[in-house]
Amino acid sequence: MSDPLSMRQPDSGTAPGTSTRAIIDLEAMRANLGEVRRYAGGVPVMAVVKADAYGHGVEHAVRVFQEEGVTMFGVATVPEGARLRALGVETPVLVFGQPLVEYLPLYEKYGLDLTVAGEEIAEAVLRDGRPVRVHIKVETGMHRLGLAISEAPAVVARLMAAPHVEVAALWTHFAASDAADLRYARQQIERFDEVVRAIGAGVPTHLANSGALVQLPAAVEGRALVRPGGLLYGLASSDPLERQVRVRPVMRLVSRVVHIHHVASGESVSYGCTWRASRPSRVATVAAGYADGLPRQWSNRGHVSIRGRRYPIVGRVCMDMLMVDLGTPAGTGQAVATGDEVVFFGGSDLSAAQAAEWADTMAYALPAGLTNRVPRIAAT
Ligand SMILES: *Cc1c(COP(=O)(O)O)cnc(C)c1O
């Protein structure tokens, strides 16, 4: 069944002829939620499922988290919230992004919680008159969205006094909660709590993303909820976090070898002739490229795993294919055959963090960057 709000065909198995697949380990996702809850103590978890659950397939994520009793979800945009409603989610959904004024009716239509992160939208909500539940965002150091500390108390008071507005919480977002040095994050907590105290009325608060959940108890204890995303998918946003947490990778991204050929010494591979064989080489062509969301930065830098061994990506990553060097014709790569599975990340032999490093990016960006061509398939 396709649904009109889906940006991608829901999981219905793999279309015949599909080589590239993201295999989603639902049990790992379940275990990661358990680990997140351990860090959260008794504080409820809002599962962040924005960006198609960081590329893992929001239908999988919602199923697992609902089975495990999660009753709050966080998304980035109104269409992502509408998609959750189409999937049958009836519990609160907070849209993190600042709405444009003309989007306000959609919050009522889909029953979404609204972020108020500026005076202009606050005024629009007050004028609008439609019943709405709001989470008021305060700027404490990220400098992306939020009411200035000086203007927040007055705006909160006016919203709280409006009969059509339910103020659900006050919140903020960290710029560096996953760092080794937590001074900036602690300063954000101080600024935030100062505003909370100024308002006085015991408004619920929330601020912990994955980094804060692990590293900053003051962002967790006594708060209304925590808002982790990455950890649920087995992803850490920084090295310090990667070292501390015990979460399991959820996505295994694979494709297949579709062609094997010999390249003579001195011959080049792929567009721009950026790689030349320094010896007779056996080269495998793999059916995945940047149109699947693979980083083009892997050109001549990334590696893949085939039959448990690593091989370098050689030449430029193309739109639909890439090539890997299997070594000399008589070398260890000779066992590799057409049809073999090629692992890009996930599983035990190649982490998303490692694969991200080869592309000068972070682990979240790899699954989140996969395109609609890649089916997300629940592991069986
Ligand atoms: C994405 C996001 C989160 C989750 O961040 P993680 O690092 O994935 O835990 C929490 N809050 C807001 C506002 C976000 O945009």
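The following exercises, each with a worked solution, concern a predicted model of a protein with a ligand.

**Exercise 1. Describe the residues around the ligand.**

Task: Determine how many residues lie around the ligand, which come nearest, and how the shell divides by class.

Solution. Step 1: There are 13 residues around the ligand. Step 2: Those that come nearest are Lys50, Tyr54, Ser210, Gly230 and Tyr364. Step 3: Sorted by class, the shell consists of six nonpolar, five polar and two charged residues.

**Exercise 2. Examine the contacts and the site of the ligand.**

Task: Find which atoms of Lys50, Gly229 and Gly230 lie within 3.5 Å of an oxygen atom of the ligand, then state how much of the ligand is covered and which pocket holds the ligand.

Solution. Step 1: Lys50 contributes a polar side-chain atom, 2.6 Å from an oxygen atom of the ligand. Step 2: Gly229 contributes a backbone N or O atom, at 2.9 Å from a ligand oxygen. Step 3: Gly230 has a polar backbone atom 2.8 Å from an oxygen atom of the ligand. Step 4: On its own, the ligand has 390 Å² of accessible area, of which the protein covers 92%. Step 5: The ligand takes up the space of the largest pocket.

**Exercise 3. Analyse the salt bridges.**

Task: State how many salt bridges are counted, give the N to O distance for Asp128 with Arg130 and for Asp193 with Arg223, and decide whether Asp128 and Arg130 are buried, partly exposed or exposed.

Solution. Step 1: Side chains of opposite charge can pair when their charged atoms come close. Step 2: The count of salt bridges is 19. Step 3: One salt bridge joins the side chains of Asp128 and Arg130, with N to O at 3.0 Å. Step 4: Asp193 and Arg223 form another, and their closest N and O atoms are 3.0 Å apart. Step 5: A residue is buried under 20% relative accessible area and exposed over 50%. Asp128 has 30% relative accessibility and therefore counts as partly exposed. Arg130, at 27%, is likewise partly exposed.

Notes: Residues numbered from 1 in each chain as written. Predicted model: local features only at pLDDT ≥ 70, side-chain atom pairs only at ≥ 80, totals over all residues. Heavy atoms only, no water. Near = heavy atom within 4 Å. Polar contact = N/O pair within 3.5 Å; in protein donor to acceptor, adjacent residues only side chain to side chain. Areas by Shrake-Rupley, 256 points an atom, 1.4 Å probe, with all protein chains shown as cover. 1 Å grid on protein atoms, 1.4 Å probe; cavity = no way out; pocket = protein on both sides within 12 Å on 5 of 7 lines; lining within 4 Å. Sits in = over half its atoms within 2 Å of the grid points. Nonpolar A, V, L, I, M, F, W, Y, C, P; charged D, E, K, R; others polar. Salt bridge = Lys/Arg side-chain N within 4 Å of Asp/Glu carboxyl O. Buried < 20%, exposed > 50% of the residue type's maximum accessible area, 1.4 Å probe, protein only.
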